[in-house]
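Student: I like to know what stands behind each label before I trust it. Could we go through this one together, term by term?

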Amino acid sequence: MSVTDDVEKAVAAAFREEWAQVVATLIRVTGDWDLAEECAQDAFAQALERWRRDGVPRRPGAWLTTTARNRALDVLRREAVGAAKLREAAVLTRDEGPYDPYDPDHEGDDSGVRDDRLRLVFTCCHPALPIEARVALTLRTLAGLTTPEIARAFLVPEATMAQRLVRAKRKIRNAGIPYRVPPAHLLPERTTGVLGVLYLLFNEGYAATAGADLMRSGLCAEAVRLARLLARLMPDEPEVVGLLALLLLHDARRDTRVDAAGDLVTLEDQDRTAWDRAEIDEGAALLESALRRGRPGPYQIQAAIAACHTTAATAAGTDWADIAGLYGELLRYVPSAVVRLNRAVAVGMAEGGEAGLALVAELAAEDDLAGYHLLPATRADLLRRMGRTREAAESYEQALALVENAAERRFLEKRLAECRSA
Amino acid sequence: MKYVLFICTPVGGEELSPAEIAEDPRFTSYIHEVRTRDVVKGGARLRPAADATTVRVQGDEVLLSDGPFAETKEYVAGLDIIEVADLDEAIALASRHPAALAGGSVEVRPVWE
């Protein structure tokens, strides 16, 4: 392998590992999000050239941060308007002491760096920003995706995404959204908000059909990577670790959810040997460590449900009573009709179809799920399992009248045909 | 940073008079807090939207209409100008405002400085 390849690899690896930290520190030093991104980009470009000549530094992150910071100081020096920022930046630089990235004695303590990345996480996910902007900003500044990449992932024109990012950064500046980790009394609420953004990001990718759109399914990997980062930054928060466990346990099954023809494969028909064992083991171990802290929450419970599915050797061996109990627990945190519907499925599997149907009937009597295709689809599935195929067919028809997703429609049509020919 | 808190009340709701507000413990504790912290730099309690007159100018003609400039479900009943460190502090203050607690809402707008 040539030296060039090695350097390119080192820069690519540093990009994935260090981008967020470089941007986060630069935002703190300059207070200017655009300048921070520009200088970070510039530092990575310089790395490609300089590392080829001088070798890859021992601490690439420190090298990149220093290079980006020097570049920012240059830019600010040239701009008269930057004078105040420059004073600020110079003070911040001095506070951290003289800094030589090539000094082998400068091991340093990375808690400051950790704080910078957490500041960035909480600012990107600030609840005063619209949710789409939180997601976009997280992908741009934390994950280092480019604006065209994010636009492709969310199926919006590039100009729309660029505008969304510009507006979000403008609001952060103009509305005075603080660049900091929230104080203790706000932390639980804000952490929940951050987890919500990462979960939404993952689900965007998970909902995309595998193979059909790589950029969209790539969102799953980004969400896992960001959840890993957050779990590293907040190791004492069991819900953070619970979210990472949940994402890993879902991600392990990602490739088996759709067959070669692009049709949905239900959990019980998925090829369990094709599930990602390493992800399942890691997810299960993380979940256990989170639960040991004795502070359960909705993400840990959802991860426990996912673990019940992924650790069962066969579909028939699934512990549905356990799952039904966990959905009951989840309802205490998330009292939604969708969670109740999921519980109805588990109860139907654990205690028999009649018990499940009774719960579905309760939900149907309320308005919350009116127009939601999974309500009649769930009823249909319970009836089908009980051998009541004529009633099942009727419910499949109702579900088909409501479904929008093409892959789900094909799946329901297949079931309907099976019921009619039974 | 300076922010204006627009205190919004649902249309058709009951409004307390300034005299009633002075006796309402929810308001008095809020007023006590903002006075102690010295964060309010100005503000006004407004008469109901029905007493508003809206002025537009078309060419040389001054057009007047009765009522507020837009038909909304809520209208501005008053405003506070506050000075705090950042948006989180402004939100914290707004979330303790009695109007926000009593079914109304508070719009937090940064002052253009």
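**Labels and the values behind them**

Tutor: Happily. Let us start with chain A of this predicted model: of its contacts between residues at least 6 apart in sequence, 60% join residues at least 24 apart.

Student: What makes two residues count as a contact?

Tutor: Their C-beta atoms, placed from the backbone, must lie within 7 Å. By that rule the contact between the chains takes seven residues from chain A and five residues from chain B. The chain B side divides into three nonpolar, two charged and no polar residues.

Student: How many helices and strands does chain A have?

Tutor: Chain A has 19 helices and zero strands.

Student: Why is α13(A) called mostly covered?

Tutor: A residue is buried if 20 or more other C-beta atoms lie within 10 Å of its own. In α13(A), 12 of the 14 residues are buried, so "mostly covered" fits. Among them are A:Tyr299, A:Ile305 and A:His309. Across chain A, buried residues make up 40% of the 422 residues.

Student: What covers the buried residues of α13(A)?

Tutor: The cover includes α9, α11, α12 and α14 of chain A.

Student: How do you know that the span of helix α2 of chain B agrees with what it should be?

Tutor: The expected span is 1.5 Å times one less than the number of residues. For the 13 residues of α2(B), residues 25-37, that should be 18 Å, and the end C-alpha atoms are 18 Å apart, so the two agree. Helix α13 of chain A, residues 298-311, passes a like check: it reaches 20 Å from first C-alpha to last, close to the 20 Å expected.

Student: What follows α2(B)?

Tutor: B:Asp38 does, and its phi is positive, near 55 degrees.

Student: What makes β1 and β5 of chain B a pair?

Tutor: Pairing needs at least two bridges. Strands β1(B) and β5(B) have nine, in the antiparallel sense, so they qualify. Within that pairing, B:Thr9 stands opposite B:Tyr75. Strand β2(B) also runs antiparallel to β5(B), with five bridges, so that is a pair as well. There, B:Val40 has B:Ile82 as its bridge partner.

Student: Which elements of chain B have the lowest and the highest mean pLDDT?

Tutor: Helix α4(B), residues 98-101, has the lowest at 80, and strand β6(B), residues 105-110, the highest at 95. Chain B averages 88, with 100% of its residues scoring at least 70. For the model, ipTM is 0.85 and pTM 0.86.

Note on methods
Residues are numbered from 1 along each chain as its sequence is written. Chains are lettered from A and ligands numbered from 1 in the order in which they are written. This is a predicted model: local features need pLDDT of at least 70, side-chain atom pairs count only at pLDDT 80 or more; totals for chains, interfaces and linings use all residues. Ala, Val, Leu, Ile, Met, Phe, Trp, Tyr, Cys and Pro count as nonpolar, Asp, Glu, Lys and Arg as charged, and the others, Gly among them, as polar. Helices (H or I, at least four residues) and strands (E, at least two) are DSSP runs, numbered from the N terminus. pLDDT is the predictor's confidence in each residue, from 0 to 100.
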